[in-house]
Amino acid sequence: MPPKRSKSATSSAGSKGKGKGKRIQSPVHETKPGHPDDIFPLVLTSATQKLFGCCSDVDVTGERPYKLLKKDDVIKDFKTRAAVSDFSPVKQIVLDYPDDDLLLVFDRDFIYGQSFYLVLTPEAKERILNVAGSPEPETPQVFEDEAIKTPEPEPWISLGSEQEIEEESVRETREKLLFTYKLSEVRRKFGPPAVFSDSKTAVTGCPSCPDSRFSIKLMLRDFGCRAVPRLHSSNTQTKGKLTSDVSTQYTPREFSNEEKEEILRSESFLNFFEKVTSSMLKALQQETIMNVFVDRWKAMGTTSEDEYLSPEVPKHLMLFKVFTEEKYAKGKKISTFNWHPTLHGVIAVALTEKRTEDSPMFESEDSFIVFYSFSDSSHAQLLLECPGDIFAFEFCPSDPNIIVGGCRNGQVVLWDVSAHSIHLKGTQPGEKAPFNTATFDVDDHKEKNTPVVRYCAASPIENSHKAPITDVQWLPPTFEVTNRGLPVENKYNISTQVVTCSPDCSIMFWDVRVSNVNRSARKQSADQKAPYSFLNTFKHLVDTWRPFYKVSLPMIGTTGKYAPLKFCLEPYICVANHTAGATEAENENAVNSEVIPDFSQLRVPLAETLTPLEDVNTKLFIGTEVIKAKKNVKRVACSILMCFYFQSGEIIYSDWKKVIDNSGSLESVKPLHCFNTHYWLVNTVQRSPFFKDIILTIGNWNFAIWKEGVTGGPIIVSPNSEQWCTVGCWSLTRPAILFIGKEDGSIEVWNLLEKMIEPVRVYAQVSNAKITCIKPWTSSKQNFLAVADELGMLCMFEMPKTLCVPSRNEISNLEKYFVVEEDRLQDRLRRKEQRAKEPKRMDCDKPLKLPVDEEQEYKNYLKLEEQILKGLGLLSATPESHTFSHTHL
Amino acid sequence: MAEVEETLKRIQSQNGVQGIIIINSEGIPIKTTLDNASTVQYAGLIHQLVMKARSTVRDIDPQNDLTFLRIRSKKNEIMIAPDKDYFLIVIQNPSD
């Protein structure tokens with residue numbers, strides 16, 4: 001109720017007129033039970049009211065509850081009424097009241113319990129009057145009173161906010177704990193200077209590793225980019241094909257003859273021709289004078305390049321096959337072997353017994369020549385039976401089925417294997433063997449059925465050599481020799497004559513045809529049926545065969561004869577001195593192998609009917625053997641000189657033609673030249689397959705190269721080797737390559753163009769025993785070198801390409817080399833002569849002195865020997881019969 | 001005409017000359033001492049070559065022109081004398 005409110009507002013003495021104050025105070029009033037101290041509730045009777053003029057609701061209403069009373073009035077009242085006055089309770093206060101006016105406030109609502117209250121203090125009075133309003137001039141005093149009084153804080157009434165505060169506040173639940181630590185270092189450690197050093201342990205780093213439990217996704221990345229201009233310059237080059245019109249024409253355009261004439265007559269043409277002719281002629285002449293386009297550098301280089309660029313010879317030979325025959329080759333050594341001239345892959349090997357030198361010479365045992373084929377390396381394909389050990393044999397060049405061999409006992413033996421030629425052909429690698437049940441079974445009886453061919457003919461012992469035949473050769477089919485030793489033409493172009501040599505100092509010529517002399521005296525021997533198969537090709541020769549021509553080799557200078565071991569003929573190629581038609585016919589005959597006439601039908605033509613060939617070189621290179629000549633033991637009073645003379649193995653160049661000597665009979669001519677190049681034996685004499693006049697001779701310690709026609713000696717001699725050289729051969733494909741087999745089973749390859757002091761390559765231990773024969777063989781695809789040794793094994797090696805392919809200009813280089821060597825030889829000889837002429841005076845004295853000195857020395861030596869032997873106790877009873885050898889090599 | 005013949009004989013008599021061909025600027029043979037097939041072949045091939053050679057020379061220097069062309073091969077030498085309208089070709093075996 002608004003009036004109530006304003007009343008209560010005015011009645012409260014606390015506020016100063018503020019709104020807040022009003023509101024605050026109104027509830028304050030309601031709650032306060034008491035009344036302020038400065039007011040006193042009074043009850044005024046109506047009399048009093050009338051007296052004072054404050055009748056309720058008349059003078060004092062709710063709107064004007066204030067009535068100022070004079071103090072004097074009040075005091076009067078007291079006097080008047082004394083105890084009955086309404087103001088009796090406040091009498092004292094009124095008396096004490098400083099002011100004159102007393103405020104009486106009508107308390108209509110009985111807020112303080114009574115209907116009127118008296119304001120006791122002037123301040124309160126002021127206050128209340130001020131609160132009541134300003135228009136009244138009395139009220140400002142009241143307000144002033146009230147304003148001076150500072151409001152006093154009311155007691156706090158809990159309204160629940162303290163709980164919230166309690167919740168939010170932080171209080172210590174317990175007392176703070178106090179820990180005291182005593183952490184300290186020893187005193188002395190404080191303050192020393194710090195020493196820094198590297199840690200002795202390995203630096204343990206703390207490598208960062210990604211923690212799998214933890215990953216930060218990089219949400220922000222530093223990134224920069226820059227714009228680059230898109231300009232890029234490049235260039236290419238195209239081939240720039242020029243477009244050209246291409247047209248084809250099917251027939252060439254030509255001028256007709258009239259047009260040509262027309263043009264030729266035209267003036268422009270004539271002018272042109274004039275102009276051009278001179279320059280053309282000049283150019284043509286230039287050409288003929290000189291070749292301006294020669295590359296001189298290149299032309300120079302062809303000679304020297306070869307030596308540097310020659311490829312290296314590989315270190316090992318590739319073994320292709322080894323041939324051994326269990327049955328027949330065991331315990332035997334191979335003396336020689338030959339490649340079959342026509343059949344590829346067939347080799348004939350001569351097996352001989354290993355004998356020492358002292359065994360009897362004429363013991364005849366079963367020996368064989370064994371045929372091997374590439375297809376079967378451990379079984380023989382064919383066996384040739386021989387009357388004795390064969391040291392040399394050859395295939396006939398015109399008919400490979402005829403084989404001639406020389407025996408240990410000096411016999412010459414012939415075989416004819418025509419019956420088995422098909423069989424042999426079948427054994428060639430790559431060909432199927434013809435099914436021939438008669439001769440062999442395919443499976444396990446092969447060895448037993450190796451066909452054995454017995455010799456067709458053997459020369460009777462009385463006609464043969466007295467010593468083992470060491471070399472046999474067929475005369476080439478281009479000429480033959482009469483029984484006077486003259487070379488004549490060979491009508492049939494068949495090799496029919498054989499030359500043999502033996503250390504019995506003779507060379508014999510044999511003819512396989514029916515000889516004229518013995519035609520009438522042919523005997524048909526009854527015991528011709530033999531257990532083995534052989535052909536009757538040479539029936540005519542049985543028992544009657546004899547050489548038609550013999551050559552002996554008297555020595556130059558001394559008596560005695562040379563003992564030839566190997567010889568070498570010049571292969572004579574028939575120069576066509578017939579008419580063209582005849583030669584063709586002959587060539588056809590030669591080529592056409594079916595037309596070989598049967599040997600038994602051949603007759604030795606009469607010597608007179610044949611035309612002699614003048615240009616046949618009848619000279620032979622012969623390698624000889626040692627001849628031991630003992631001089632008798634002479635006991636001369638003062639000198640005991642006893643020595644063996646060893647004739648060194650010499651190379652003889654001799655002619656086989658005999659000359660008519662004084663007595664009118666044919667006499668062997670003395671050799672033209674004789675050279676002492678090799679010591680001991682000569683085991684190979686072979687012509688080079690590339691040069692007709694170059695001959696290789698191999699002795700025991702060295703080898704030499706000879707040129708036919710050079711009379712001074714060998715043009716090249718190799719240095720002596722430590723091992724015995726046992727055999728050697730030229731290479732068939734490279735003119736400068738030689739192969740030499742040694743006693744220890746190694747093979748040396750010499751390249752004449754590279755170096756002459758040592759071999760280019762030594763293949764050591766090719767075989768475990770002495771090598772007895774080496775022969776190369778070439779075909780278009782393969783090159784082989786077959787090596788035979790003393791153990792009966794035949795090894796076949798494939799020759800590396802470097803040994804087969806000749807280097808550039810090898811032949812011409814080799815020729816030049818030979819010429820150089822020849823010149824050197826001549827030079828040397830010349831100088832030797834010169835030197836021999838000069839100091840002749842000096843030599844005269846020396847030969848007289850020497851024997852004396854030697855004699856004395858020898859005496860001393862004898863004495864020394866006696867002493868030593870006495871000392872050793874070996875001195876035998878007869879010292880005189882000792883013969884001392886003083887080898888003089 | 002007779003002069004031409006005579007001169008041709010002179011050229012022919014030089015050492016090693018195998019053949020002579022005269023062709024016009026289009027490559028058609030006019031006179032030859034070889035057989036027809038060879039002539040035609042030579043003419044066609046050499047004509048192209050001369051054109052090429054000439055254009056090469058002139059490209060390098062337009063003031064220049066081809067005066068003589070010699071082709072030396074292993075077996076022989078071909079000499080060509082070109083002109084505006086005609087070519088003279090001589091085949092010779094070098095003497096070495």
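What share of the contacts in chain A with a separation of 6 or more comes from residues 24 or more positions apart? Such residues account for 63% of these contacts, a contact being heavy atoms within 4.5 Å.

This is a predicted model, in which local features need pLDDT of at least 70, side-chain atom pairs count only at pLDDT 80 or more, and totals for chains, interfaces and linings use all residues. Residues are numbered from 1 along each chain as its sequence is written, chains are lettered from A and ligands numbered from 1 in the order written, and side-chain values use heavy atoms, without hydrogens and water.

The model scores ipTM 0.81 and pTM 0.49. For chain B, the mean pLDDT (the predictor's confidence in each residue, from 0 to 100) is 89, and 98% of residues reach 70 or more.

Chain A contains 17 helices and 39 strands, taken as DSSP runs numbered from the N terminus (helices H or I, at least four residues; strands E, at least two). Of its 889 residues, 40% are buried. Buried means under 20% relative accessible area, exposed over 50%, and partly exposed in between (1.4 Å probe, protein chains only).

Two residues of chain A illustrate these classes.

| Residue | Location | Relative accessible area |
|---|---|---|
| A:Leu177 | loop between α8 (161–168) and α9 (257–265) | 57%, exposed |
| A:Asp511 | strand β19 (residues 506–511) | 7%, buried |

The side chain of A:Asp511 makes a polar contact with that of A:Gln497 at 3.0 Å; such a contact is a pair of N or O atoms within 3.5 Å, where within protein one must be able to donate a hydrogen and the other to accept it, and residues adjacent in sequence count only if both atoms are side-chain atoms.
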